[in-house]
Amino acid sequence: MKIEKIEIYGYGKWTQATFTDLKDLQIFLGSNEAGKSTIASFIHTIFFGFPSRRKKDTNTYEPKLGERYGGRLTLSNTRFGNVTIERIKNRDRDRATLTHQNGVQEIVENLPRYLLGVDSATYDDLYTFQIDRLLHLRHVKKEELNRYLMGIGATGSELFLNLADGYRKEGQKEFKPSGKNPELNKKLAETEKLWEQLQVAKRKNNEYQTLLLRLESIQEKLQQGNEQITGFERENRELSEAIRLGDYYQEWLQLSEKIEAVDTRFLPPDAAKRWERLQTAITDDLKRLSAVNAQIQNEQKVYAAFTNAIWYDEHRHDWHALQDAYTKTQDLFTNAYALTNQMNQEEAALVMFKRQYGFGDNMVKVDAENEAIIRELLAEEEKIAGQIELVNQRIATCYTELDSLEKRIKEVTGKSETIKPQVTPTNKANFAWWGLAIAALLVAVLLPSLRIYALLVAAVAVGASFVKPKPPTETEAYIAQQTRESRLRDLREDEEAAQERLLQFLNEQEALETKMEQLQEQQRTWLAEAHYPTSFSLRRVLEENPAVQLENLETNLARTVARLEEVELSLADWQTRTEFIREHFQLNHLEPKMFFERFPELHRKLEVERTQAKNSSDKISDLKVERKEIQNRLDEINAKRQTMLDNANVENEAEFYQLMQAKEEQAKQKQRRDFLAEQLAGKERLLERYPDKQKAENKLLKNQSQIRSFQENRTALQEEEVSLRHEISILEDGGTYSSLLQEYAILETEVYDLIVEWGKKIVAAEWLEDTLRHGKEDRLPHILEDMIAYFVRLTEGAYTQIVFQKSGLKIRRKDGTVFEPFELSQGTIEQLYIAMRFAFIKNTADIANLPILVDDGFVNFDVKRKGVVYELLGELSDKVQVFFFTFDRTVIEKFSSEQISVLN
């Protein structure tokens, strides 16, 4: 026998639970309170009935959620083939409904005897393993332990030995072949004595016997008549009842046809409520789903508004890198500011230096070669200057000489005026011309570039001063002229000579000045080529060397510019790295410094927006999770709805509503039919015999006529019976024989009952003993062989033999030492118990092939012993189905996933 499917309607914590595809060795794995023991109890309940509420400390496993209390098992390989056992509390008086493979159902009063072959106690003793049974071994007295284990080894349980002994002892209490006190012995002696008294009374009166025979014959006739009348009356009562219930019966038949026409077997009793709950749940979930979707859309709009935050998340790594470099960049801006100021100052100093002296940009530095050229030019300049100075001295001498001559000429001319004291206009003109000549000479000295022109003007002026006007009168002029001319001629000659020398010196001066100008032009050319200002002289260049100062200024400026460029390059790199920020926020118009100053504020705002966006995103995620949960619930509810539709064998919701409406109508019809069934209870066969009301009425009239005829005959027989009884009473002498006969009949009945009870017990004891002898003779060798093999494996070879002797059970250790069972350790006794039970179950599988229930029976075994037990369970499952309930997760490593059902 194998359990193929477990369906729990409601039992303990389990409601509407199904376990299918059950293996020969099925593991139910779960922690405490997972429902393992509940499933084991459910299997036991379906087999043997619901736990009794009358027993104290008994868990009845009644469901708390209002589901039907019970369920069903699908079995294969039973004596009736594949069957389904269903048991529901308060239905059919808790009896089991057995459904055969062909669909035929029957209510079974005693399922264990009808199908299983064992009762509940025997099943518990042989096929269930629980830790409390192993713990029970600790409390078995040592003088009882040997017989207990011997009974387990021979029969799988001590129950049969106890039953046989009990029946025999009870039988001996009721009867002993040589006893006097047992009740049956007393009744037999009393019966024998009363029989002797009855025979004596009977022999005293032969006529009495004849009268008795006649009386008996009349009584038989009366009995037959009465029986016939009773039969007719009974039939009349049935007919009357059938006539009275005829309409009810016809209505019941019609209702039954209507009820059977609508198949609502797979529609749960609370289908309408469940469907309504599902509909309500769907409506609520859809409303909530719509609200959640609206919230998601609104929140997504809010989240979409955080474009900066989304962009910030995409570039957050770059932002963090920029933030890490912020302090360094701040230092760069500070350095850039300082270097810019320094550069501006140095540029200003350079420009000021250049402007101060009119320096160009490419001024030549005075090196050794240029110094030699400058010194050569300066030496030449000094030489020419010396020569010019000498010439100038000579010119000055000439001027002095000319002045002296002029004075002398004036003196001569003065004497002439004394003669003619009136100053003529010619003398005034001479003074003017000399003044002009002196002015031209000064210009020639001061302005070398106009020197030639100035000298020419001076010469013309001097020449003009010597032009004489004509005397006023010829005589006077002649005399005076002659005198003056004589002196003046000499003076003039000296003056001309002086003028010639002056002119020579002036020419020499002009040549030297020209040469000086050429030399100065060369100097100016060198200065121009060397990019020196015209205000600078070679001597100043040589003394001050401004190119070196300018170079130092330019070098310092270049160094500052280089440092600034390096800083600006770093800032440009930071600027490049922040390009994506400026483009995103359209801040390209800002100066780097202004953007840098706004950077922390931007970062802080983005962090705040990111936090807000994250809160919005988390809210969206939570709403999506809620939406997913709601959708899952909707899917689950729809799946339940579809399951209800599938179970109801309908295609759509409309058909389901029709079916529920039909079920409601059917419920009313069933209620009416049940009411009619209560009225018709026990009358089914009667109504089947008399389904036609009219025929029953005709039959009733006929029976009533026959009863009247039989009653007339009975009156005559009764009168004759009274007469015979009077004659017999006279012969009985006070009724001695009749009393003895009645007493003997009563005593005979009592003896018969006692013999039957005594015989049951004696036959039961004999049958049990014969069964045990049969087991010992035919199966014990095989049981013992497997028992020893299992025990050796469980003890890892520490014990090698189990011996059944008249004195009891003996266990031999591998070193040859023999032990009584009570001398073994508790763990070894448990292993011996397991070995015996397993061996018995294996070798009696052909007699009673029932599933084994193991509810953590080996929790106290160590890892190795558990491993051996698991192997033995695997081997045992080849013979019988094994259900192993455990919390030990090591079974995952020992068995395949198909064999394990994880209970949550």
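This presentation describes the fold, the salt bridges, some selected residues and two surface patches of one protein.

Good morning, colleagues. Please keep in mind throughout that we are looking at a predicted model.

I shall begin with the overall figures. The protein has 904 residues, and 39% of them count as buried. Its secondary structure comprises 27 helices and 14 strands. The accessible surface amounts to about 52800 Å², of which carbon and sulfur atoms supply 50%. As for contacts, if one takes those with a separation of 6 or more, 74% are between residues 24 or more positions apart.

Two residues illustrate such pairings across the sequence. Let us turn to the start of the chain. Met1 is placed in the segment before strand β1, which covers residues 2-11. Is Met1 buried or exposed? Its relative accessibility is 11%, so Met1 counts as buried. In space, the C-alpha atom of Met1 is 8.6 Å from that of Arg79, although 78 residues separate the two along the chain.

The second residue is Arg673, in helix α21, which runs over residues 653-680. Arg673 has a relative accessibility of 17%. Because the limit for a buried residue is under 20%, Arg673 is classed as buried despite its charged side chain. What does Arg673 touch, if we set aside residues up to four places away in sequence? The answer is Trp252, Leu255, Ser256, Ile259 and Glu260. The C-alpha atom of Tyr248 is also 9.2 Å from that of Arg673, and these two residues are 425 apart along the chain.

I now come to the salt bridges. How many does a search of the whole structure find? It finds 28. I have chosen three pairs and one network from the structure.

The first pair is Arg91 and Asp92, whose side chains meet with an N to O distance of 3.9 Å. Arg91 is partly exposed at 31% relative accessibility, and Asp92 is likewise partly exposed, with a relative accessible area of 30%.

The second pair lies in helix α16. Here the side chains of Glu521 and Arg524 form a salt bridge at 2.6 Å, N to O. Why can these two be described as one turn apart? They are 3 residues apart in helix α16, so about one helical turn separates them. Glu521 has 39% relative accessibility and counts as partly exposed. Arg524 is also partly exposed, at 38%.

The third pair links two helices. Arg793 forms a salt bridge with Glu875, and their closest N and O atoms are 3.0 Å apart. Arg793 belongs to helix α24, residues 736-794, while Glu875 belongs to helix α26, residues 863-876, so the pair ties together parts that are 82 residues apart in sequence. Both ends are partly exposed: Arg793 has a relative accessible area of 28%, and Glu875 stands at 36%.

Beyond single pairs, Lys5, Glu7 and Arg72 are linked in a network of salt bridges.

Let me finish with the surface, where I shall describe one charged patch and one nonpolar patch.

The charged patch is negative, and its members are Asp490, Glu493, Asp494, Glu496 and Glu500. Asp490 is found in helix α16, which spans residues 474-529. This is the helix that also holds the Glu521 and Arg524 pair. With a relative accessible area of 43%, Asp490 is partly exposed. Asp490 therefore meets the accessibility condition for a patch, since its value of 43% is over the 30% that a patch member needs.

The nonpolar patch is made up of Ile438, Leu442, Val443, Val445, Leu446, Leu447, Leu450, Ile452, Tyr453 and Leu456. Together these residues have about 980 Å² of accessible area. Which elements give two or more residues to the patch? They are helix α14, residues 425-446, and helix α15, residues 451-465. The largest share, 5 residues, comes from α14. Val443 is one of the patch residues and lies in helix α14. At 34% relative accessibility, Val443 counts as partly exposed.

To close, I would recall three points on the structure. Arg673 is buried and touches residues including Trp252 and Glu260. The salt bridge between Arg793 and Glu875 ties together parts 82 residues apart in sequence. Finally, the surface carries a negative patch that includes Asp490, as well as a nonpolar patch to which α14 gives the largest share. Thank you for your attention.

Notes:
Residues are numbered from 1 along each chain as its sequence is written. This is a predicted model: local features need pLDDT of at least 70, side-chain atom pairs count only at pLDDT 80 or more; totals for chains, interfaces and linings use all residues. Side-chain values use heavy atoms; hydrogens and water are left out. Patches are made of residues with over 30% relative accessible area and no salt bridge: like charges are joined within 9 Å, nonpolar side chains (Val, Leu, Ile, Met, Phe, Trp, Tyr) within 5 Å. Accessible areas come from the Shrake-Rupley method with a 1.4 Å probe; for residues, only the protein chains shown count as cover. A salt bridge is a side-chain nitrogen of Lys or Arg within 4 Å of a carboxyl oxygen of Asp or Glu. The place of a charge is taken as NZ of Lys, CZ of Arg, CG of Asp or CD of Glu. Helices (H or I, at least four residues) and strands (E, at least two) are DSSP runs, numbered from the N terminus. Buried means under 20% relative accessible area, exposed over 50%, partly exposed in between (1.4 Å probe, protein chains only). Contact means heavy atoms within 4.5 Å.
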